[in-house]
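Biologist: I'd like to walk through the charged pairs in this structure with you, then look at how a couple of helices pack. Can you pull it up?

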Amino acid sequence: MTVLSNKLAIELDDEVPAAPPPPPAGPERPAGRRPLGALVRAYVALTKPRVIELLLITTLPVMFLAAGGVPPLGTALATLAFGTLSAGAANAINCYIDRDIDAKMRRTRRRPLARAQVSPTEALVFGVVLAAASTAGFALAVNVVAAAMSLFAILFYIFVYSLLLKRRTSQNVVWGGIAGCMPVLIGWSAITGSLAWTPFVLFGVVFLWTPPHTWTLAMRYREDYAVANVPMLPVVATERRVIVESLAYTWATVACSLVLWPVAGMSLVYGALAVVLGAVFLLEGHRLLRASMAGLTGVHLRPMRFFHLSNVYLALLFTAVAVDPFFT
């Protein structure tokens, strides 16, 4: 149940602060007594709640599709609860791993470890406890297939994305984005106890959607990634190349979303919405390319417009997935 991406790699939970935070009080434990409310907020921030929201958007609709309507309430609530713990675990451990680069980037330097609101050891223990609780919860309250998918997502995000790929290759979010696709498989297996072609098609949608979504965000914060020595594609490639590759993935995303129509036996409602949403998504991608070809660069390209639209696209597409069973 772990991400944007992404994301994935998709680290969307922070805003650029007006001023730098105070320097850390020490390498291990924050100095002074910490108010309970502030401590709770710090631990919640470690889980990156806004990333979790995006992941849950892809989980619940798949449960409706798998159930052919409204899923069993108890199973749905347990899946969302333990999925939240799973995503929070991966994000907290990611904060522990990335604490050095988070302190350098404007977008992330307000995170709890960068501001020494919790110690590295506390963050790591917190993440491990959440991982154990989520895996056990899935196994006991949902099923072992969902538990296995959840544990795989946590381990993949930590060891493959955070430790192996993120600081070594510009393709980090492409393959690291696999972790952000796992909620689709978790949601399906939570209802059916197995896997099938339908959730793998939706897995493909999220997998292909993650790179352009994340790269346009990285275009906006290119200097941040450069300072932190994270080789995101916009850091090591020209803007034109980033846009062209993003557009290629956008076309592939829309094509994959249409494959779901025959594979899952979706109704005309889903098909029509997928076509319309895909057209809008592609138009925005081509706008970005035209702006680049016209000589615009940097913020004048307005890459965040594509980034925000990609969020809307995915949310509405999965909403269509959720409502379609009621029309078939």
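Modeller: Sure, and keep in mind that this is a predicted model. Let's begin with a pair of charged residues: Asp98 is buried, and Lys166 is buried too.

Biologist: Why does Lys166 count as buried?

Modeller: The cut-off for buried is under 20% relative accessible area. Lys166 sits in the loop that runs between helix H6 (144–165) and helix H7 (172–176). Lys166 counts as buried because its relative accessibility is 3%.

Biologist: Which residue does the side chain of Lys166 meet in a salt bridge?

Modeller: To call a salt bridge, a Lys or Arg side-chain nitrogen has to be within 4 Å of a carboxyl oxygen of Asp or Glu. Here the N to O distance is 2.6 Å, and the partner is Asp98.

Biologist: How many residues apart are Asp98 and Lys166?

Modeller: The pair ties together distant parts of the chain. Asp98 is in the loop between helix H3 (73–97) and helix H4 (99–102), while Lys166 is in the loop between H6 and H7. That puts them 68 residues apart.

Biologist: How many salt bridges does a search of the whole structure find?

Modeller: One of them joins the side chains of Asp102 and Arg111 at 3.1 Å, N to O, and both of those residues are buried. Searching the whole structure gives a total of eight.

Biologist: What separates Arg287 and Glu284 within helix H13?

Modeller: Their side chains form a salt bridge at 2.7 Å, N to O, and both Arg287 and Glu284 are buried. Because they are three residues apart in H13, the separation is about one helical turn.

Biologist: Which residues do salt bridges with shared partners join into one network?

Modeller: We've already met the Asp98 and Lys166 pair, with its 2.6 Å salt bridge. Following the shared partners gives one network of Asp98, Asp100, Lys166 and Arg167.

Biologist: Now the helices: is H13 roughly parallel or antiparallel to H14?

Modeller: The axes of H13 (residues 268–293) and H14 (residues 303–323) come within 10 Å and cross at roughly 170°. Angles over 145 degrees count as roughly antiparallel, so H13 and H14 are roughly antiparallel.

Biologist: And how many nonpolar, polar and charged residues are in the contact of H13 with H14?

Modeller: On the H13 side, the contact includes Leu273, Phe281, Glu284 and Arg287. H14 brings residues including Phe306, Leu309, Tyr313 and Leu316. By class, the contact has 15 nonpolar, three polar and three charged residues.

Technical notes:
Residues are numbered from 1 along each chain as its sequence is written. This is a predicted model: local features need pLDDT of at least 70, side-chain atom pairs count only at pLDDT 80 or more; totals for chains, interfaces and linings use all residues. Side-chain values use heavy atoms; hydrogens and water are left out. Helices (H or I, at least four residues) and strands (E, at least two) are DSSP runs, numbered from the N terminus. Buried means under 20% relative accessible area, exposed over 50%, partly exposed in between (1.4 Å probe, protein chains only). Axes are lines fitted to C-alpha atoms, for helices over the stretch in contact, and angles run from 0 to 180 degrees between N-to-C directions. Angles under 35 degrees count as roughly parallel, over 145 as roughly antiparallel, 65 to 115 as roughly perpendicular and the rest as oblique. Contact means heavy atoms within 4.5 Å. Ala, Val, Leu, Ile, Met, Phe, Trp, Tyr, Cys and Pro count as nonpolar, Asp, Glu, Lys and Arg as charged, and the others, Gly among them, as polar.
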